[in-house]
Amino acid sequence: MLSRAVLIFAVVISLAACQSQKKEINFPKTDLSAIALIPKPVKTIATNSAFGLDSNTVIFTSLSDPKFEKAGRFLAEKVNARLGFNLSVNNTSNEKEIDRVIYINQSDSVDLKTPESYQLYIKKDSIYLNAKTAAGAFRGVQTLRQLIPEQSNDTLTDHPLWLIPTGKIYDEPQFGYRGAMLDVARHFFTVDEVKKFIDLLAYYKYNALHLHLTDDQGWRLEIKSWPKLTEIGGQSEVGGGEGGFFTQEDYKDLVQYAADRHMIIIPEVDMPGHTNAASLSYPFLHAGGKADTPRVRTDMKVGYSSFHARKDTVYAFLDDVIREIAAITPGPYFHIGGDESHVTTKKDYLHFVEKVEKIVKKHGKQAIGWNEIAQAKIDPSTIAQLWNEPHSAQKAAEGGSKIIMSPAKKTYLDMKYDSLSEYGLTWAGMIPVDVAYNWSPENYVEGLPKEQILGIEAPLWSETISNSAELEYLAFPRAIGYSELGWSKPENRNWEDYRKRLAQQVPYLNRMEVNYYPSKLIDWAK
């Protein structure tokens, strides 16, 4: 008896052989290279015909890895929701009714050089998506979603067809890490709001969401061994709102939702500064000295709080916190913050960073910290996230650390676009859409080897925003440009070309009800 995998492969081959016997449809010429794909693929070869996507199309996948079938079902779900179809996945029961096939194939091709590489071969009767891993297949699925036109063409047949241009796409990311950060500490965002953000990021091939879970104004994740962190520290936010927090079940839900989109969640517990909410909950954590006495903080000030760096009880507390969070975070990273610790003495700061880094490693995670941690003797496995001091990135890289590029002047999504922006701050300068796009992560730090750059991350601090609409206003369209800086090769990045492709994102953004900022630098599609 044939296995299900063998049967599906046999059906796909049989269908491909039978296509030539079916009535040929004279598709109009369509140019694959003219489609407004973001991020831009490595190489596109147009063959100027079309694949007719309709309700009789069937999706098949490799069955050697269940995640390939999951990628196929994700594609079917999105196509069905958008076009009103009922496409099936790996269903061989109606072979005679199948006109065209999409096959998501696990391939061992040497041309697939990274885990997220993929190839798309689009012919008039079939689409083959090849990838080594399900993550690569999922990235290719996003490209395929972008290739589906807004309008159907029903002049060729007696039913609607959505014409996908034929040709070949060879694609892979230039950086393995492509992230965004959301500050849920200054203002809390709900599970559903975070999920929508994840969906938008996944569409543009992001693979990481960094959650800034703790700060002076709020502690946002339940720690079962220290319940007052959320009972007390989770009940405030900037501006005096009611705050809020994620239960561990909420957090695990977000982690799984992201994983289903081949994204990791990176939790951040900011320390030794930005710790007022924790010290308000448990006063023994407070450093004393120059650090302000803990109290409910609803302002936007920074730099006044600190954990005590010389108390064993502080590190016992952090061991519990890191242990609990690491246990429900399957991704490899744990962010220890480390920025703006202005009232922590340098000696205490260095001691603290080196101690906490060891606790993170003890619990099986790789530490990330803001670039200030490069002052300490950090392990080469620890990652430095550059936000304000290029020389610190150089120092960390010299010690073997990888660097995440998040320079505030270029990537901070909480900066205003221009003088007309309704939300945002200006301390790092205004960041119009063109400034956000027109810089090179590869060359931003002079002398930093590209192989030391892990990738790029766009942080969104939430002092001035408190809901999805405001979040989206600051994040989009700039987050779309950052996706291209992280994925596409420098030679494929060009502002004039990009701004035209960005303008064509309007239908997708409207379908997703995204409250994007309509920058006057872009001739937005109507």
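**Exercise 1. The whole chain**

How many helices and how many strands are there in the protein? Then decide whether the protein is compact or extended for its length.

*Solution.* The structure is a predicted model, and in it the protein has 16 helices and 16 strands. For the second part, begin with the radius of gyration, which is 25 Å, and set it beside the 24 Å that the globule rule gives for 526 residues; the two values are close, so the protein is as compact as a globular protein of that length. Next, look at the extent along the principal axes, where the C-alpha trace spans about 85 × 55 × 45 Å. Burial adds to the picture, since buried residues make up 60% of the 526 residues, and the accessible surface comes to about 20,700 Å², with 51% of that area belonging to carbon and sulfur atoms. Finally, consider the contacts between residues at least 6 apart in sequence, of which 73% join residues at least 24 apart.

**Exercise 2. A six-stranded sheet**

Work out the strand order of the open sheet of six strands, and state which strands lie at its edges.

*Solution.* The order is β1-β6-β4-β5-β3-β2, and the pairing is mixed. The edge strands are β1 (43-53) and β2 (58-61), each of which pairs on one side only. From one strand to the next, the twist averages 20°. Helix α2 (residues 66-83) packs on this sheet, where it touches β1, β2, β3 (101-106), β5 and β6 (162-171), and the direction of the helix makes about 150° with that of β3. As a general reminder, strands of a sheet pair through backbone hydrogen bonds, in either a parallel or an antiparallel manner. In the case of β4 (residues 118-122) and β5 (residues 126-131), the sense is antiparallel and the pairing runs over four bridges; within it, tyrosine 121 has tyrosine 128 of β5 as its bridge partner.

**Exercise 3. Glutamine 217**

Determine whether glutamine 217 is buried or exposed, and find the backbone atom that its side chain reaches.

*Solution.* Start with the location: glutamine 217 is found in the loop between β9 (214-215) and β10. Its relative accessibility is 0%, and because buried means under 20%, glutamine 217 counts as buried. Its side chain reaches the backbone oxygen of aspartate 299 at 2.9 Å. Beyond its neighbours within four places in sequence, the contacts of glutamine 217 include Ala185, Arg186, Gly233, Ser236, Ala277, Arg297 and Met300.

**Exercise 4. Glutamate 222**

Identify the polar partners of the glutamate 222 side chain, one through a side chain and one through the backbone.

*Solution.* Glutamate 222 lies in the loop between β10 (218-219) and α5 (228-231). Its side chain makes a polar contact with the side chain of lysine 224 at 3.4 Å, and it also reaches the backbone nitrogen of glutamine 248 at 2.8 Å. Leaving aside neighbours within four places in sequence, glutamate 222 is in contact with Thr230, Phe245, Phe246, Thr247 and Gln248.

**Exercise 5. Isoleucine 453**

Place isoleucine 453 in the secondary structure, and list its contacts beyond its neighbours within four places in sequence.

*Solution.* Isoleucine 453 is in strand β16 (residues 453-460). With a relative accessible area of 6%, isoleucine 453 is buried. The contacts asked for are Phe175, Ile403, Met405, Pro441, Glu442 and Leu448. As for alanine 384, which is 69 residues away along the chain, its C-alpha atom is separated from that of isoleucine 453 by 9.8 Å.

Conventions. Residues are numbered from 1 along each chain as its sequence is written. This is a predicted model: local features need pLDDT of at least 70, side-chain atom pairs count only at pLDDT 80 or more; totals for chains, interfaces and linings use all residues. Side-chain values use heavy atoms; hydrogens and water are left out. Helices (H or I, at least four residues) and strands (E, at least two) are DSSP runs, numbered from the N terminus. A polar contact is a pair of N or O atoms within 3.5 Å; within protein, one must be able to donate a hydrogen and the other to accept it, and residues adjacent in sequence count only if both atoms are side-chain atoms. Contact means heavy atoms within 4.5 Å. Buried means under 20% relative accessible area, exposed over 50%, partly exposed in between (1.4 Å probe, protein chains only). Two strands pair if DSSP finds at least two bridges between them. Axes are lines fitted to C-alpha atoms, for helices over the stretch in contact, and angles run from 0 to 180 degrees between N-to-C directions. The radius of gyration is taken over C-alpha atoms; the globule rule is 2.2 Å times the number of residues to the power 0.38. Accessible areas come from the Shrake-Rupley method with a 1.4 Å probe; for residues, only the protein chains shown count as cover.
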